[in-house]
Amino acid sequence: MNALCLAATSFMQPELPAAVSDDDTVRAAMAGDRKAFEVLYRRHADRVYGAILRLAAFDHARAEDLTQEAFIRAWQKLESFRFESAFGTWVYRLAVNVALMSIRARNADPVSIVDDEHLPEITDTDNPLRSIERDELEKAISGLPPRARAVLVLHDVEGWKHEEIAIELQMAVGSSKAQLHRARGLLRRVLGERS
């Protein structure tokens with residue numbers, strides 16, 4: 001092996017085994033190991049993308065951009081991770097904040113109503129009607145006013161409490177509850193489930 005090959009191999013990062021915990025992987029990434037951060041990205045990107053996709057009214061291109069932005073911010077802020085919560089929780093919250101800041105930056109008008117060709121493909125071979133219902137629900141959610149959609153997604157889909165939503169969306173707890181009530185009412189009306 002020539003000297004150039006030896007020099008190149010001495011700078012290569014060792015591969016992390018698949019069973020390495022997030023904490024160990026984060027420590028490796030904090031030390032500058034980009035492959036370790038790539039492992040974290042692969043482990044958590046799907047959940048982050050799913051949450052952002054719903055907040056972005058099922059606009060796939062926008063959700064992809066915001067997911068990328070979230071992980072870039074995570075890399076930049078990795079030194080601030082204190083291991084007080086799981087890395088997945090930390091990066092998820094950071095990603096939701098990125099999406100919410102994007103909504104605020106657009107004056108709470110993140111996207112227009114998407115058309116059928118941009119909705120995610122959902123297949124349920126056991127129950128084809130469930131797939132149709134889910135498509136209708138996703139289309140209805142994407143058509144909600146942005147703040148109502150954000151509250152609905154964060155509360156009903158992601159499981160946040162109104163107090164957490166109020167802090168993230170900079171609104172009163174009562175406003176969060178009112179937006180959730182409004183979103184549910186609009187969904188019932190759109191989906192034909194009048195109460």
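**Figure 1. Salt bridges in the predicted model.** The structure holds seven salt bridges. The model is a predicted one. Side chains of opposite charge can pair when their charged atoms come close. Three of the pairs are shown in the close-ups that follow: Glu38 with Arg42, Glu158 with Arg54, and Arg184 with Asp156.

**Figure 2. A salt bridge within helix α3.** Glu38 pairs with Arg42. The closest N and O atoms of this pair are 2.7 Å apart. Both residues belong to α3, which spans residues 34-55. They are four residues apart, so about one helical turn separates them. An α-helix has 3.6 residues a turn, so residues three or four places apart point the same way. Glu38 is partly exposed, at 34% relative accessible area. Arg42 has a relative accessibility of 61% and counts as exposed.

**Figure 3. A salt bridge between distant parts of the chain.** Glu158 forms a salt bridge with Arg54, and their closest N and O atoms are 2.3 Å apart. The partners are 104 residues apart in the chain: Arg54 is in helix α3, and Glu158 is in the loop between α7 and α8. Arg54 is partly exposed, with a relative accessible area of 24%.

**Figure 4. The surroundings of Glu158.** The loop that holds Glu158 runs between α7 (146-157) and α8 (162-169). A second side chain also meets Glu158: a polar contact of 2.7 Å joins it to Tyr92. Beyond its neighbours within four places in sequence, Glu158 is in contact with Ala51, Arg54, Tyr92 and Val153. Arg54 in this list is the salt-bridge partner of Glu158.

**Figure 5. A salt bridge between helices α9 and α7.** Arg184 and Asp156 form a salt bridge, with the closest N and O atoms 2.7 Å apart. Arg184 lies in α9 (residues 173-191) and Asp156 in α7, so the pair ties together parts that are 28 residues apart in sequence. Arg184 is partly exposed, at 35% relative accessibility. Asp156 is also partly exposed, with a relative accessible area of 36%.

**Figure 6. Helix α8 and its cover.** The buried residues of α8 are His162, Ile165, Ala166, Glu168 and Leu169. Their cover includes α5 (87-105), α7 and α9. Gln170 follows α8. Its phi is positive, near 55°.

**Figure 7. The whole chain, for orientation.** The protein chain has nine helices and zero strands. From the N terminus on, the elements run α-α-α-α-α-α-α-α-α. Of the 195 residues, 40% are buried. Among contacts with a separation of 6 or more, 60% come from residues 24 or more positions apart. The accessible surface is about 11600 Å². Carbon and sulfur atoms account for 52% of that surface.

**Figure 8. Confidence along the chain.** The average pLDDT is 80, and 75% of the residues score at least 70. Two of the segments stay under 50: residues 1-14 and residues 108-129. For residues 1-14 the model has four contacts beyond four places in sequence. For residues 108-129 the model has 37 such contacts.

Methods: Residues are numbered from 1 along each chain as its sequence is written. Side-chain values use heavy atoms; hydrogens and water are left out. Helices (H or I, at least four residues) and strands (E, at least two) are DSSP runs, numbered from the N terminus. Buried means under 20% relative accessible area, exposed over 50%, partly exposed in between (1.4 Å probe, protein chains only). Contact means heavy atoms within 4.5 Å. Accessible areas come from the Shrake-Rupley method with a 1.4 Å probe; for residues, only the protein chains shown count as cover. A polar contact is a pair of N or O atoms within 3.5 Å; within protein, one must be able to donate a hydrogen and the other to accept it, and residues adjacent in sequence count only if both atoms are side-chain atoms. pLDDT is the predictor's confidence in each residue, from 0 to 100. A salt bridge is a side-chain nitrogen of Lys or Arg within 4 Å of a carboxyl oxygen of Asp or Glu.
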